[in-house]
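Me: Could you take a close look at one helix in this model for me? I'd like its length, its surroundings and its contacts in one connected answer.

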Amino acid sequence: MLIVFILFGMVVGAVVGSFIGLVLIRLPDGRPMVMDRSSCDTCDKELQPIELVPVLSWVIQGGKCRECGSAIDRWQLGAELGGALIGGVSVWLSWFPVWAMMLGWQLLLLAMLDLRHMWLPRQLSALLGASGALFALVMGYWANDPMVLVQSMVGGVFGFTALWMLGQGYLMWRGQEGLGGGDPPLMGAIGLWLGPLGVIHTLLVASLGGLAVAAVLWRAGREIRPDTMLPLGTLLALAAWPVFLWQGV
């Protein structure tokens, strides 16, 4: 029975991932995402329902538009696969899979936006933070423990302050910006979900991930300097979701 629910979670996740891919492509250009029809980004041909099946349509069409033959953005496929993975793993490992999915899908969008565009929209971080506060409120009510909400608030303040102070320290030391303006709000939003201990774990995992990325780039022949830019938001988002699962929720 569990495998059925996992597969269902993956299907739902792929559908959500398809929307995430749409937002990833259209949001930076200021294009409408809900009311506008789905179309090829190259020839503007309106897509038929058979061409909108997550993952399968991409595979069947060989990653190309049926009309003009242009390549379909691989980021779209990545978003669909990522969404499916989050859906399946949430059902498999989390006691509260709906909340795990909600967090995972939001983090996926933010991670991909930062990786592709080096951009973390404040509105999306605010939405992540609001859903984290709602999660803490519901969990605190369910457990009849007001400290759950208190820990969430402390985590939000701690997460934002920690990265903001780090950015200010780097600015004073190097005389230039070391963090993007969207990183502290993202960390604050993550703190609302994970609490202060989760913030510490997320920063630790993200730091280790950053070192691993730097090592791979160095091995590939890229010069690594103190001012080499890495998508910190992506590292934070990728670290936060496993920490959430590890915390037992």
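Reply: Happy to; here is a walk along helix α4, with a short look at α8 afterwards. This is a predicted model, in which local features need pLDDT of at least 70 and side-chain atom pairs count only at pLDDT 80 or more, while totals for chains, interfaces and linings use all residues. Residues are numbered from 1 along each chain as its sequence is written, and side-chain values use heavy atoms, leaving out hydrogens and water.

Helices here are DSSP runs (H or I, at least four residues), numbered from the N terminus. Helix α4 covers residues 97-117, and its end C-alpha atoms lie 29 Å apart, which agrees with the 30 Å that its 21 residues should span at 1.5 Å a residue. That expected span is 1.5 Å times one less than the number of residues. Of those 21 residues, 15 are buried, so α4 is largely enclosed by the rest of the structure. Buried means under 20% relative accessible area, exposed over 50%, and partly exposed in between (1.4 Å probe, protein chains only).

Arginine 116 of α4 forms a salt bridge with aspartate 73, at 2.9 Å from N to O. This joins distant parts of the chain, 43 residues apart, since aspartate 73 sits in the loop between α2 (56-60) and α3 (74-93). The rule asks for a side-chain nitrogen of Lys or Arg within 4 Å of a carboxyl oxygen of Asp or Glu, and the count comes to one. Both partners are partly exposed: arginine 116 at 30%, aspartate 73 at 21%. Just after α4, methionine 118 has a positive phi of about 50°.

As for α8 (residues 232-246), 11 of its 15 residues are buried, so that helix is also largely enclosed by the rest of the structure.

Technical notes:
Helices (H or I, at least four residues) and strands (E, at least two) are DSSP runs, numbered from the N terminus.
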